[in-house]
Amino acid sequence: MLNLTYLHSPEFNHKYSYEGPLGAFYTPDLSQFRLWAPTATRVQLSLGQGQKWLLDLQANSQQPGLWTLDLQGDFYLQDYTYLLTFPDGSVQESADPYAVAARANGKPSVLLDPEAYHPENWADDPVPPPLDQAEIAIYEIHIRDLTMGPNNGIYHKGKFLGLCEAGTRTAQGQPSGLDYLRSLGVSHIQLMPCFDFATVDEAGDLSFNAQYNWGYDPLNYNVVEGSYSTEPQDPVSRIIEFKTLVNTLHQAGFKVIMDVVYNHVYDLACSPLNQTVPGYYFRLREDGQLWDGTGCGNETASEQAMFRRYMIDSLCYWARSFHIDGFRFDLMGIHDVETMQAVRQALDRIDPEIILIGEGWQMGNHPAGIRPSDQRQAQQLPGIRFFNDQFRDALRGSNFGHDAQGFLSRDTSLAKTRQVYHNILGQPDHGYYRDASQSVIYTECHDNATLYDKLRLSLGDMSVDESMKRQAMAFSIQCLSFGTLFFHAGQEFMRSKQGLDNTYKSPDEINALDYDRVAQYPQLGLLFRRLLVQRKEMGVFSLSSYTDINQAVQTYRLEEGHIAYQINFEGQFYLIVHNALSSAWYLDLPAGEWQPLLAQWSLPEKPERAFPSLRKQLQVEALESILLKQISQS
């Protein structure tokens with residue numbers, strides 16, 4: 001195998017880096033093709049359907065590595081690919097890595113102007129107003145999960161348009177799809193991958209249980225996924241329908257976050273990046289073999305000048321052309337600090353309100369001197385938020401082993417209790433974050449077992465009552481903590497995936513959202529919504545500065561299984577109490593008269609409490625969280 005490590009040298013990057021336009025640009029009178037392929041000796045354009053034109057691109061004499069072709073005439077919706085010849089005589093046919101449209105399954109690329117296609121009211125697409133920290137609540141969804149269920153009343157099942165349908169109900173009368181999202185009180189809808197991914201056959205059977213994937217297997221980064229379109233073979237429909245979804249969510253008051261996966265590709269053999277410049281975009285060992293820090297067979301090299309540029313161009317395209325309000329970076333620790341800083345700066349020029357969150361795990365094989373964008377580098381990455389796995393693990397136990405327990409599952413040691421409390425303050429023990437906003441606080445996401453399943457795997461079978469108490473405490477701790485709230489679809493009704501950890505290719509019967517489960521646990525949904533409202537009303541959770549948080553919060557009690565902390569903010573005094581033990585806790589109250597604002601009054605064996613005011617002592621039931629407000633100091 002040819003050793004291509006020379007492509008990663010400073011000399012190569014300096015000589016061949018290019019900042020001008022890349023891709024195919026269509027007008028009715030002129031189509032322009034611009035491809036960066038510095039190691040190719042010849043590049044040809046294969047254009048058209050059926051009978052194809054085979055045309056040579058010209059090497060640009062002013063810019064090494066750039067190949068160009070201008071065609072007079074109208075080539076609207078013509079298919080195209082590139083044929084590249086390399087020094088060893090091999091010829092590779094590739095889609096355009098900068099393609100914005102494609103046929104089913106990502107090849108060939110299609111020539112069109114993406115800005116020409118949009119819903120009728122796209123020009124008036126509302127921009128949701130800026131939010132402060134306390135108002136942010138991210139809700140992660142998968143298009144098929146929310147629309148595919150056989151009895152959910154949604155017509156366009158498994159499609160972008162299915163989530164645009166208003167007024168849908170299940171056979172049992174429960175709101176589904178868009179109406180259900182509207183009922184939650186969250187601020188952001190995070191869409192699991194909606195770019196073109198490889199492992200669903202877009203031209204195949206897309207019915208219930210036929211095929212499924214989360215989408216973390218990138219093929220064409222700037223093309224909308226076709227399996228979510230009503231017409232996968234039509235390159236225009238997927239653009240219009242995805243914009244329709246974004247517009248619908250904006251009209252409903254949501255901001256939209258897009259899950260992006262630049263850290264690896266599905267298969268180098270079919271990746272346009274590797275087909276056009278073999279070896280350049282991926283980290284290589286000294287012997288020329290691929291590094292695999294992702295566990296997916298390869299890892300991209302964001303420190304390479306033209307891949308850094310590619311990431312930034314791609315993100316700006318989605319932000320500008322599809323009005324995306326935020327991005328979630330899969331395995332962000334694979335990328336380097338300089339790239340993520342440049343991403344933040346580029347998106348700030350479009351809209352500084354664009355939110356960036358990522359998995360800052362320590363992983364990857366970064367060259368010497370290259371800093372990875374993991375949590376250890378948070379100080380160098382202002383404006384980027386990190387999934388706080390310490391918050392998650394302290395509450396539910398480590399994901400590595402079903403038996404691992406946390407504060408919610410009977411590990412109420414003083415060390416664990418303290419760890420939970422530090423994370424409540426947005427200050428995890430690792431001490432990496434600049435401020436609390438960088439702490440994305442969550443107890444479940446699409447990865448690993450749902451919280452409901454994890455608790456049952458850790459503790460064995462539980463009564464419905466006990467399961468609800470532990471889930472309710474998770475909500476209470478999460479919503480009454482400092483940081484950026486993140487929820488996984490369905491955790492508000494104890495979503496189960498039958499105990500399975502990673503359901504990335506499990507059938508729809510495992511992954512589809514069961515909206516009727518809402519009716520089984522209505523108290524949890526009510527508590528979830530009330531906590532989000534209460535969090536905003538208190539105001540204090542808008543604080544991000546550690547100095548400000550430490551001035552506003554005072555520890556009241558911190559002992560095994562018991563956490564109580566006081567808040568003094570803008571003349572209002574609060575007391576928040578969490579009892580993770582299986583026995584009642586009798587807590588002496590600070591001086592004054594205290595009014596309970598929120599308790600787990602929604603649990604099934606308890607009628608709604610009248611919430612009388614209290615003095616001197618509070619009885620905190622087993623597995624209960626209570627929020628009190630001081631109404632009199634005497």
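This report describes the barrel, a hairpin and one buried histidine in a predicted model.

## Barrel

Eight strands form a closed barrel with parallel pairing, in the order β10-β11-β14-β15-β16-β17-β18-β19. From one strand to the next, the twist averages 30°.

Within this barrel, strand β15 (residues 326-329) and strand β16 (residues 355-358) run parallel and are joined by four bridges. Phenylalanine 327 has leucine 356 of β16 as its bridge partner.

## Helices on the sheet

Helix α6 (residues 305-322) lies across β14 (255-260) and β15, and runs at about 140° to β15. Helix α11 (residues 464-479) also packs on the sheet, where it touches β18 (439-441) and β19 (484-488). The direction of helix α11 makes about 155° with that of β19.

## Histidine 488

Strand β19 contains histidine 488. This residue counts as buried because its relative accessible area is 2%, under the 20% cut-off.

Beyond its neighbours within four places in sequence, histidine 488 is in contact with Tyr139, Glu140, Glu444, Cys445, His446, Thr450, Arg495 and Lys497. Its side chain makes a polar contact of 2.6 Å with the side chain of glutamate 444 and another, of 3.4 Å, with the side chain of arginine 495. Isoleucine 626 is 138 residues from histidine 488 in sequence, and their C-alpha atoms are 24 Å apart in space.

## Hairpin of β20 and β21

Strand β20 (residues 553-559) pairs with strand β21 (residues 562-569) in the antiparallel sense, over six bridges. Valine 553 has isoleucine 567 of β21 as its bridge partner. Two residues lie between the strands of this hairpin, in which glycine 561 takes a positive phi near 75°.

Conventions
Residues are numbered from 1 along each chain as its sequence is written. This is a predicted model: local features need pLDDT of at least 70, side-chain atom pairs count only at pLDDT 80 or more; totals for chains, interfaces and linings use all residues. Side-chain values use heavy atoms; hydrogens and water are left out. Two strands pair if DSSP finds at least two bridges between them. Axes are lines fitted to C-alpha atoms, for helices over the stretch in contact, and angles run from 0 to 180 degrees between N-to-C directions. Contact means heavy atoms within 4.5 Å. Buried means under 20% relative accessible area, exposed over 50%, partly exposed in between (1.4 Å probe, protein chains only). A polar contact is a pair of N or O atoms within 3.5 Å; within protein, one must be able to donate a hydrogen and the other to accept it, and residues adjacent in sequence count only if both atoms are side-chain atoms.
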